[in-house]
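Here are my notes on the model you sent over. Have it open as you read, since the points move from one residue outwards.

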Amino acid sequence: MPFTTRLLPARSPKLRLGALGALGVAWGVAWGVATPAQAVVEVAVQLDSSWASDSNPLRLADSNPAANPVQGRQSDSLMSVDARAALITPLLSDSTRLEITASQGRRQYRQQSQLNHQAQQFEARLLWEATPLLRGRVSYATDERLYQPQNSVQVVRDLVRQQTTGSEVALRATPELEVPLTLERVSVRHDAAQNQYLDRNDNAVQLALRHQSPLGSTLTVGQRRLSVDYPNRSPADVAVLDDRYRDQLSFVEVDWVYSPLTRLGGRLGHLQRSYQNLGPNNFSLMVGNLSAGYQFSPMSRVDVEWFRQVYDSATPSTLYYLASGVRLGLGWRWTELTRLRLLANHERQQNQPGQLGGLPSQPDNLRTRLGASLDYSLARGWRAYVEGSRDRFVSVNGGAAIAQNVVRLGLEYTYESLAGTAERGRLGRRP
């Protein structure tokens with residue numbers, strides 16, 4: 001899961017304008033510094049408006065006594081408006097460029113007005129190459145969105161803010177072989193006092209050896225060290241969940257272009273975790289993922305992935321959980337103007353209680369998610385879409401289940417100075 005760093009006061013006007021201000025300053029710098037005569041500045045702007053129906057916006061469990069029409073166990077509608085922009089400009093040389101992505105959105109519920117909020121993201125990446133033997137990148141990103149707990153009730157609005165800074169320097173021993181060193185710092189902060197025990201700071205260092213074949217396949221071996229601390233945990237929280245741990249991950253990663261139509265990949269690693277105060281909870285295990293993609297034809301594609309990962313839990317009595325499962329994706333271009341996508345995800349979560357031996361073990365959870373979307377190109381730059389998802393979270397031994405169904409209708413307009421700029425600028429659609 002992503003490592004994150006971010007800490008800014010809640011809903012400050014400066015925060016709302018920060019992304020646009022940074023985008024404007026960077027744009028001006030880019031125009032002033034870009035010197036190659038053949039330099040082409042790419043710009044993309046995207047506007048997206050949608051209406052959605054949510055069967056359970058507060059994620060109340062089926063057996064929750066509060067689940068009644070008065071308290072909110074009912075569907076609600078949601079209006080969303082998003083504006084996104086991307087800038088890609090060469091600096092000094094074709095291999096050194098600045099990439100900026102920014103977005104601002106508004107979410108408004110018809111009945112559950114306490115969930116109304118603004119979502120905003122900003123990311124700037126400077127990719128550079130000093131010589132054919134030395135390249136690197138520097139990045140900075142912020143992300144603010146509504147916190148959506150997976151296995152608990154969402155009664156109050158909680159905005160979660162994430163800030164990430166990272167850098168990488170890679171030394172090329174040969175055109176195919178390089179040694180990248182990556183540094184990353186992430187922070188996460190919650191608005192709601194009840195969730196501030198989840199605030200965290202991550203510091204990661206990764207050293208790897210990467211080989212890339214002329215056909216595009218890559219093989220990477222390396223080690224990643226991660227230090228995590230939770231600055232806002234009380235002594236009672238520390239006694240059960242600790243407030244600091246260290247991870248050491250040794251991994252092998254492969255991306256194999258088997259043929260023009262088939263791509264195979266995977267990442268396998270050995271994870272060792274050491275807690276500062278809860279030594280008996282230390283563990284080591286194998287984690288990773290395996291994936292395959294096959295292009296049946298120019299009109300259809302299938303992707304499948306198996307995964308096994310460790311995640312910190314958001315449940316006060318659970319230290320972490322081991323998630324394993326499969327994901328399946330099918331894409332079909334029905335016509336030149338119509339595209340259909342189907343998604344399925346099933347995972348089992350094995351919970352590890354905090355304070356080993358001091359708390360009863362938690363039952364495993366099962367999560368199943370099904371999704372589908374249909375896009376239709378109305379005209380150049382215009383796209384209408386309908387998408388839906390069904391999410392079910394349940395304990396293995398029965399008990400309460402959380403079910404949520406969402407259907408969304410939307411209209412999107414994209415302007416690109418060059419074809420493909422929106423994709424290269426990472427103007428990803430809002431999930």
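1. I'd start at Leu319, which touches Val240, Leu241, Tyr275, Leu278, Asn281, Asp312, Ser313, Gln352, Pro353 and Gly354, leaving out residues up to four places away in sequence; contact here means heavy atoms within 4.5 Å. Leu319 sits in strand S14. Helices (H or I, at least four residues) and strands (E, at least two) are DSSP runs, numbered from the N terminus. With a relative accessible area of 7%, Leu319 is buried, where buried means under 20% relative accessible area, exposed over 50%, and partly exposed in between (1.4 Å probe, protein chains only). The C-alpha atoms of Leu319 and Asp242 are 8.3 Å apart, with their positions 77 residues apart along the chain.

2. Before going on, a word on the ground rules: this is a predicted model, so local features need pLDDT of at least 70 and side-chain atom pairs count only at pLDDT 80 or more, while totals for chains, interfaces and linings use all residues. Residues are numbered from 1 along each chain as its sequence is written, and side-chain values use heavy atoms, with hydrogens and water left out.

3. Which residues touch the most other members of the largest nonpolar core? They are Leu271, Tyr275, Phe283, Val287, Val310, Leu319 and Tyr320, out of 25 residues in that core. At least two residues of this core come from each of S8 (200–212), S9 (218–229), helix H2 (235–241), S10, S11 (262–275), S12 (283–297) and S14. A nonpolar core is a set of buried Ala, Val, Leu, Ile, Met, Phe, Trp, Tyr and Cys residues joined through side-chain atoms within 4.5 Å. Val287 touches Leu249, Arg267, Leu268, Gly269, Leu271, Arg308, Gln309 and Val310, again not counting residues up to four places away in sequence.

4. Leu319 also helps line the largest cavity, along with residues including Tyr230, Arg233, Asp242, Tyr275 and Asp312. Its volume is about 70 Å³, and the structure holds one cavity of 30 Å³ or more. On a 1 Å grid over the protein atoms alone, a cavity is a set of points where a 1.4 Å probe fits but cannot get out, and a pocket is an open set with protein on both sides within 12 Å along at least five of seven lines; lining residues have an atom within 4 Å of a point. Grid points are joined across faces, edges and corners, and a volume is the space filled by probe spheres set on the points. Strands S10 (244–259) and S14 (318–332) each give at least two lining residues.

5. Have a look at the second largest pocket too, at about 930 Å³. Of its 30 lining residues, Thr414, Glu416, Gly420, Ala422 and Glu423 lie nearest its centre. S18 supplies the largest share of the lining, five residues. The lining splits into ten nonpolar, eight polar and twelve charged residues; Ala, Val, Leu, Ile, Met, Phe, Trp, Tyr, Cys and Pro count as nonpolar, Asp, Glu, Lys and Arg as charged, and the others, Gly among them, as polar.

6. Two backbone angles to check: Arg59 has a positive phi of about 50° although it is not a glycine, and Arg426 has a positive phi near 60°. Arg59 is in the loop between S1 (42–54) and S2 (76–91) and, at 5% relative accessibility, counts as buried. Arg426 lies in the segment after H3.
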